[in-house]
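Grab a pencil and work through the exercises below with the structure open beside you. Each one sets a task and then walks through the solution.

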Amino acid sequence: MASTTSRLPPLARGVIQGFPASGKAALVRASRPICTSAGRFRGAQGLLPPPRHTPLIRCCPTPAAQYSPFTTSPRPPDAAGHESHHSKWRPPSDESLDQRPVLVVGAGNIGRRVALVWASNGRPVTIYDISPDALHSAVEYITDNLGSFCAQRGTHPGHVSTTADLRTATSTSGRPDRDSSGAVTAQEHTRAPWMAIECLPESLPLKTSVLALLERSLPADCILASNSSSLTAAEMAAEGPLAFPHRLLNTHYFIPPRNRMVELMSSGVTQAAIFPFLAGQMRRVGFVPVVVPRDIQSRGFVFNRIWAACKRETLAVLAEGVARPADVDALFRDFFHAEKGPCERMDEVGLDTVARVEQHDLERRPGLGSEPALAWLRTNYVERGKLGEKSGDGLFTADERDQLKEKHHLEKYKDVEETSGA
Ligand SMILES: NC(=O)c1ccc[n+]([C@@H]2O[C@H](COP(=O)([O-])OP(=O)(O)OC[C@H]3O[C@@H](n4cnc5c(N)ncnc54)[C@H](O)[C@@H]3O)[C@@H](O)[C@H]2O)c1
């Protein structure tokens with residue numbers, strides 16, 4: 001059986017130890033010793049003192065072709081009722097959090113970054129994606145960055161596993177024991193994820209169908225979190241396939257690891273106890289959670305609403321020829337003592353994404369008056385393939401952006417932000 005690891009080229013700073021022929025999990029090592037579990041590290045000669053900063057990435061076999069998330073039927077509960085979804089959500093014990101991973105679903109731009117921060121405090125993390133290329137790139141990113149990120153924070157890295165097999169992703173052994181009905185056994189459940197964070201493309205049917213699969217596959221005490229930028233958990237709950245939205249909520253990250261804020265928003269029926277528990281866990285690993293009051297359904301995330309207004313007026317100023325991107329950003333940086341201005345930020349996010357979000361906002365709130373600026377952005381940038389960082393040129397040329405980066409002294413997180421796997 002092929003494994004993700006067997007297809008990986010040698011990593012820039014790592015050593016690959018693979019055992020695909022025997023079907024065992026393969027180990028991708030980022031130089032020196034191996035982290036075998038949170039707080040315990042094993043080198044070639046046996047147990048060693050904990051290394052300063054050595055990430056381990058375990059790539060499980062990836063029989064993606066055998067298991068499509070869209071064709072699998074729900075797994076029945078096991079005899080002991082460990083997969084019952086009817087029981088109320090209860091917080092997992094502190095001890096179990098060292099064993100049970102955070103499951104990140106989607107290894108793309110944001111998923112790998114969310115995974116990095118959760119893994120940076122000795123916490124186990126599993127990354128699931130249907131794309132071997134995305135997993136490969138995420139392995140590179142984490143291998144390159146987890147050690148240096150932990151070094152900056154004075155923490156130890158946890159296990160990171162990657163897999164394209166949803167069954168493997170929903171437990172941690174890599175080869176979950178199952179009973180005769182196909183359900184994972186009670187013992188395996190003690191190692192199943194305590195939280196799943198979806199970082200899937202921005203499509204409501206895709207997100208809800210994968211969340212529904214996760215809901216059926218994961219134990220009743222597993223929190224389901226969506227990282228969508230514009231789709232609310234309430235919309236996901238209303239879409240249909242989720243049977244138990246009381247453990248679903250939005251957790252919106254802002255391109256970690258540099259940004260640590262996370263907004264938490266209810267699905268409307270999210271169980272109240274989840275918020276203090278999850279906010280506490282986030283603080284422990286270095287995130288800064290902000291909880292939108294449970295009884296309020298905002299039409300978007302707090303920061304996104306404010307940022308939307310800032311982007312809209314910036315684009316209007318540029319479209320009218322009132323100022324150039326460099327002038328707008330210089331004014332903004334000086335006044336707010338900010339690292340970057342709105343034009344540089346829009347280049348970072350991607351101008352195609354900026355245009356899509358603005359179109360979405362216009363559809364939800366006709367009368368915003370941003371049609372001319374949106375048309376200007378599409379004609380002069382998006383349709384010419386000038387999308388910002390992802391394509392090279394954008395509101396700033398690639399050269400201008402490089403000069404700006406030097407100027408702003410962004411060196412603090414340079415290793416983490418600018419690697420080949422990012
Ligand atoms: N990029 C950002 O700056 C940012 C910031 C905050 C939130 N978000 C939100 O995060 C989500 C992901 O954004 P992104 O930029 O990382 O997207 P992306 O396209 O980079 O990554 C999405 C990943 O999901 C994988 N995927 C697709 N279908 C799948 C499936 N059925 N099962 C498992 N994996 C699957 C893809 O292979 C891909 O690797 C979006 O909802 C976006 O709104 C993005």
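**Exercise 1. Find out how far the predicted model can be trusted along the chain.**

Step 1: Start with residues 1-55, where pLDDT (the predictor's confidence in each residue, from 0 to 100) stays under 50. The model still gives this stretch 127 contacts (heavy atoms within 4.5 Å) beyond four places in sequence.

Step 2: Move on to residues 60-86, also with pLDDT below 50, and you find 77 contacts beyond near neighbours in sequence. Where pLDDT is low, don't read the predicted coordinates in detail.

Step 3: Zoom out. The protein averages a pLDDT of 77, and 73% of the residues score at least 70. Among the elements (DSSP runs numbered from the N terminus: helices are H or I with at least four residues, strands are E with at least two), strand β1 (residues 15-17) has the lowest mean pLDDT, 24, while helix α12 (residues 371-380) has the highest, 98.

Ground rules for the rest: this is a predicted model, so local features need pLDDT of at least 70 and side-chain atom pairs count only at pLDDT 80 or more, while totals for chains, interfaces and linings use all residues. Residues are numbered from 1 along each chain as its sequence is written, and side-chain values use heavy atoms, with hydrogens and water left out.

**Exercise 2. Describe what surrounds the ligand.**

Step 1: There are 24 residues around the ligand (a heavy atom within 4 Å counts as near), and Asn-109, Ile-110, Asp-129, Glu-202 and Lys-207 come nearest.

Step 2: Sort the shell by type: 13 nonpolar, 8 polar and 3 charged. Here Asp, Glu, Lys and Arg are charged; Ala, Val, Leu, Ile, Met, Phe, Trp, Tyr, Cys and Pro are nonpolar; the others, Gly among them, are polar.

Step 3: Look for polar contacts (N or O pairs within 3.5 Å). The side chain of Asp-129 puts an N or O atom 2.7 Å from a ligand oxygen. For Ser-229 the distance from a polar side-chain atom to a ligand oxygen is 3.0 Å, and for an N or O atom in the Asn-227 side chain it is 3.3 Å.

Step 4: Check the cover. On its own the ligand exposes 840 Å² (Shrake-Rupley, 1.4 Å probe), and the protein buries 79% of that.

**Exercise 3. Is Ser-226 buried or exposed?**

Step 1: Locate Ser-226 in strand β11 (residues 223-226).

Step 2: Its relative accessible area is 0%, so Ser-226 is buried (under 20%; exposed is over 50%, partly exposed in between, with a 1.4 Å probe and protein chains only).

Step 3: List its company. Beyond four places in sequence, Ser-226 contacts residues including Glu-198, Met-236 and His-252.

Methods:
A polar contact is a pair of N or O atoms within 3.5 Å; within protein, one must be able to donate a hydrogen and the other to accept it, and residues adjacent in sequence count only if both atoms are side-chain atoms.
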